[in-house]
Number of protein chains: 2
Amino acid sequence: MSEPLGVALIGCGTVGGGVAHVLLAHAERVAQRAARPIALRRVVVRDPSKPRDPLIPRDIITTDISSALHDSSVQVVVELIGGTTVAKKVVLDALAAGKHVVTANKALLADSGSEVFEAARKAERTVCFEAAVAGGVPVIRALGESLAANQVTAIQAILNGTSNFILTAMAERGLSYSSALAEAQKLGYAEADPTLDVDGSDAAHKLAILAQISFGVAAKPHEIARQGIDTIDAMDIRFANELGYTIKLLAEAWTSEEARNAERGMRNKNNGQEPSSVPSSALRAPRSVALHVAPVLLRHTDLLAQVRGAYNAVLVYGDVVGETLYQGPGAGRMPTASSVVADLIDLGVGRAQRTFAAARLWSREGRGFTVEPPERVRSRFYLRLLVADKPGVLADITRILADEEISISSLVQHEAQEDGSGAPVPLVIVTHYAATGRFRKALEKINRLTTTSAPAVFFSMGD
Amino acid sequence: MSEPLGVALIGCGTVGGGVAHVLLAHAERVAQRAARPIALRRVVVRDPSKPRDPLIPRDIITTDISSALHDSSVQVVVELIGGTTVAKKVVLDALAAGKHVVTANKALLADSGSEVFEAARKAERTVCFEAAVAGGVPVIRALGESLAANQVTAIQAILNGTSNFILTAMAERGLSYSSALAEAQKLGYAEADPTLDVDGSDAAHKLAILAQISFGVAAKPHEIARQGIDTIDAMDIRFANELGYTIKLLAEAWTSEEARNAERGMRNKNNGQEPSSVPSSALRAPRSVALHVAPVLLRHTDLLAQVRGAYNAVLVYGDVVGETLYQGPGAGRMPTASSVVADLIDLGVGRAQRTFAAARLWSREGRGFTVEPPERVRSRFYLRLLVADKPGVLADITRILADEEISISSLVQHEAQEDGSGAPVPLVIVTHYAATGRFRKALEKINRLTTTSAPAVFFSMGD
């Protein structure tokens with residue numbers, strides 16, 4: 001067996017503690033899989049007096065980052081402190097000191113991928129990040145290695161477990177958004193300040209990473225249109241259900257070719273037929289991709305509609321394979337540790353170094369698609385208004401939609417209460433395909449009508 | 001860019017044609033991903049006069065296997081002829097000639113894995129086989145690399161698309177087994193002789209391969225208990241549905257520890273809660289694993305119950321990550337080609353060689369678990385009888401079950417026709433957990449009763 005691979009752990013919180021535990025409790029298994037021992041040399045923490053896993057030898061716990069980064073018995077630095085300031089410095093310093101880096105830090109890669117990867121190439125070291133997207137679900141390897149024969153043509157993913165937990169609770173138990181959020185917080189699935197989870201930012205960071213691997217785009221945050229789940233009312237979940245749909249927060253990437261296929265109803269679906277991929281010769285290298293995070297209405301039978309609770313799932317369309325799905329725990333101590341340790345084993349085996357060199361991520365040569373401006377993306381829309389129960393209201397709204405050349409697929413005006421209360425009545429409109437820009441223009445006009453209770457609520461349709 | 005990797009394709013039927021097409025139509029993409037060109041040097045066929053993909057240069061098509069195996073510009077031989085006689089000779093000869101081998105041949109690996117892998121180690125060459133299990137779904141990489149931090153504790157998989165297509169058609173459209181099979185044959189999802197698909201043999205071969213990777217067992221065919229779908233009557237699908245279950249043909253591997261957890265209802269399910277893995281320290285290296293292929297009743301909400309049509313899906317329980325699911329097209333020209341070309345790219349990058357050396361599959365050192373004798377495996381059972389509508393019948397049956405210490409969880413006797421026809425009446429019994437051996441003993445006795453129309457129909461319950 002070869003020389004041990006020495007590891008310094010920077011950060012020993014929830015995930016770091018899990019990684020240390022796996023390396024120490026399962027040292028023999030890990031050594032066997034990596035074809036060499038993986039030795040935990042340093043654990044850098046902020047507060048050394050905190051109680052830790054008893055398996056961690058006291059004398060490797062330190063507060064001194066620099067000594068860990070410059071320990072010559074350390075070949076890999078595992079960054080698990082999160083955030084984009086200290087973490088970035090740690091990662092760049094580690095690379096400069098000649099260490100490989102394993103990180104679960106999605107924000108760092110989404111924000112500074114080019115800088116980090118350029119530094120790694122300069123130092124001839126490797127950066128691994130399976131744990132940065134979808135926790136324990138090995139989607140980085142799937143996109144980068146298993147599907148390497150394919151050009152990915154679309155990705156649809158549930159990447160935020162907190163949001164999916166909340167939406168599942170609303171759909172299955174009829175909870176309001178705020179009760180479901182409160183429950184998620186009580187159970188520890190949502191932070192005290194849940195903003196980054198429920199407004200789509202967390203999923204957008206992860207989508208940016210998937211888009212870099214699949215399309216060679218280094219998408220800036222503002223290029224990823226995002227809409228959160230915080231505007232979803234229990235009544236929308238109910239109306240969607242009546243129409244045969246489930247609302248999920250999806251991170252989506254659509255190449256122009258695949259988007260056109262979807263619009264024409266030509267996409268391969270898990271509809272009980274043999275899956276057949278688009279003949280690869282028919283695809284003439286689509287060069288732009290639309291990226292967004294938004295609540296989407298999925299048919300109850302869609303694979304992603306059936307992903308419940310805090311789970312993550314990634315549905316990938318490849319031009320050779322067709323559609324494949326990857327699902328599992330998207331967060332948590334041990335699932336995330338599973339992915340971090342897999343990266344360490346890959347470094348031990350020597351696979352990761354070769355993958356890193358071949359993939360040329362966040363590099364000039366790796367540049368591929370351009371990002372489609374959000375307003376040009378076409379979709380069907382679910383639009384829910386609260387309107388006054390008066391003559392002419394419907395005429396105003398349908399006129400505004402017609403002016404933007406948006407045609408209506410279905411319309412349901414829910415019954416008014418015949419109590420003369422004059423309470424506004426829910427009106428649900430599902431449109432045919434329309435450009436997002438024109439739909440938003442129509443929305444602005446509708447929101448200015450005095451007969452609607454602004455703001456209108458809208459979501460994309462998944463079909 | 002490095003030297004080209006030269007490839008000889010042995011067999012150019014459905015899958016071989018797909019592989020050739022991807023290599024030729026997407027040569028630039030493949031070269032970029034592999035960090036070197038992948039050059040198709042030889043295509044060996046039986047009938048050179050057959051029309052082929054026009055992209056294949058005429059002058060590389062040959063009937064001469066030996067010249068391809070000894071071509072010094074060839075580094076990899078792709079075996080796609082299937083079967084276990086000629087294919088085995090081709091693979092062993094290729095290794096002896098110093099070539100790496102890529103194969104989609106599940107029967108060859110299940111039957112002769114030790115011999116093939118020993119030959120590869122002796123020749124210091126690599127064997128890749130992502131396409132041998134679940135077609136386009138990258139489950140070999142998932143088990144061997146992505147989940148390398150885990151000891152797999154259980155696998156539940158839909159590995160035969162033909163059977164799943166038939167069961168889906170029976171469940172969703174009320175077809176009889178024979179009509180569903182006829183439809184599958186008409187659509188090309190089932191062979192004229194469908195025996196190996198519907199009797200569980202095909203799934204058992206694939207399960208043997210997954211069990212080697214996950215548990216280090218070289219299971220012989222007779223060690224994998226198998227029951228096909230050909231005994232499933234439309235009435236069983238209906239009764240299962242009434243009880244809240246869907247019948248799927250599953251290939252399953254259960255370690256004793258995980259099986260006990262399942263029996264105690266302690267397993268992690270996608271039940272809307274945060275997925276939490278079993279604390280790894282609680283698992284004391286379980287050393288035996290039960291393997292079987294059989295129709296299983298799954299709750300409608302189970303992930304695998306929702307896999308429709310010809311799709312494959314593999315649910316893996318890992319002691320660190322918890323459960324992850326991999327789903328997609330399990331067969332077909334382009335999905336299988338996607339996996340074969342991924343293996344070629346891995347060889348080009350140099351990953352596959354390292355994986356092969358580290359994994360020590362089908363080797364003496366890699367030996368792990370023992371195989372649990374099928375009769376010792378414990379399960380709940382669905383038992384459906386056709387009984388005479390006479391006093392005492394129920395007493396006889398329940399007595400037999402009680403004598404084998406099998407207790408009854410639920411029992412439904414469907415109503416007799418009050419026409420005095422004396423037609424037998426369906427009786428459905430669901431048992432509590434019982435050892436398979438004792439259940440089969442009880443079955444034998446029940447089948448000898450003169451008041452039952454033999455043979456009784458039975459399936460395992462998934463919970």
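Let's start inside chain A of this predicted model, where the C-alpha centres of domain 1 and domain 2 lie 29 Å apart. Where do these domains run in chain A? The domain assignment puts domain 1 at 5–135 plus 335–359, domain 2 at 139–330, and domain 3 at 375–461.

Domain 1 of chain A brings 15 residues to its contact with domain 2 of chain A, and domain 2 brings 18. On the domain 1 side, two elements of chain A give two or more residues each: α5, at 106–123, and α14, at 351–359. The largest share there, six residues, is from α5(A). If you like to think in residue classes, that domain 1 side has nine nonpolar, four polar and two charged residues.

Now, on to the two chains together. A turn of 180° with a shift of 0.0 Å along the axis lays chain A on chain B, at an RMSD of 0.0 Å. The two copies are thus related as by a two-fold rotation axis.

How many residues does each chain put into the contact? Chain A gives 64 and chain B gives 65. Several elements of chain A give two or more residues to this contact, including α1, α2, α6 and α7, while α13(A) gives the most, with nine. The chain A side has 28 nonpolar, 25 polar and 11 charged residues. And 100% of the interface residues of chain A are also interface residues in chain B, so the copies meet through the same surface.

One last detail to look for on your screens: β12(A) pairs with β12 of chain B, residues 322–329, in the antiparallel sense over three bridges. There, Leu325(A) stands opposite Gln327(B).

Conventions: Residues are numbered from 1 along each chain as its sequence is written. Chains are lettered from A and ligands numbered from 1 in the order in which they are written. This is a predicted model: local features need pLDDT of at least 70, side-chain atom pairs count only at pLDDT 80 or more; totals for chains, interfaces and linings use all residues. Domain bounds come from an automatic or database domain assignment. Two residues are in contact if their C-beta atoms, placed from the backbone, lie within 7 Å. Helices (H or I, at least four residues) and strands (E, at least two) are DSSP runs, numbered from the N terminus. Ala, Val, Leu, Ile, Met, Phe, Trp, Tyr, Cys and Pro count as nonpolar, Asp, Glu, Lys and Arg as charged, and the others, Gly among them, as polar. Copies are superposed by least squares on the C-alpha atoms of residues with pLDDT of at least 70 in both. Two strands pair if DSSP finds at least two bridges between them.
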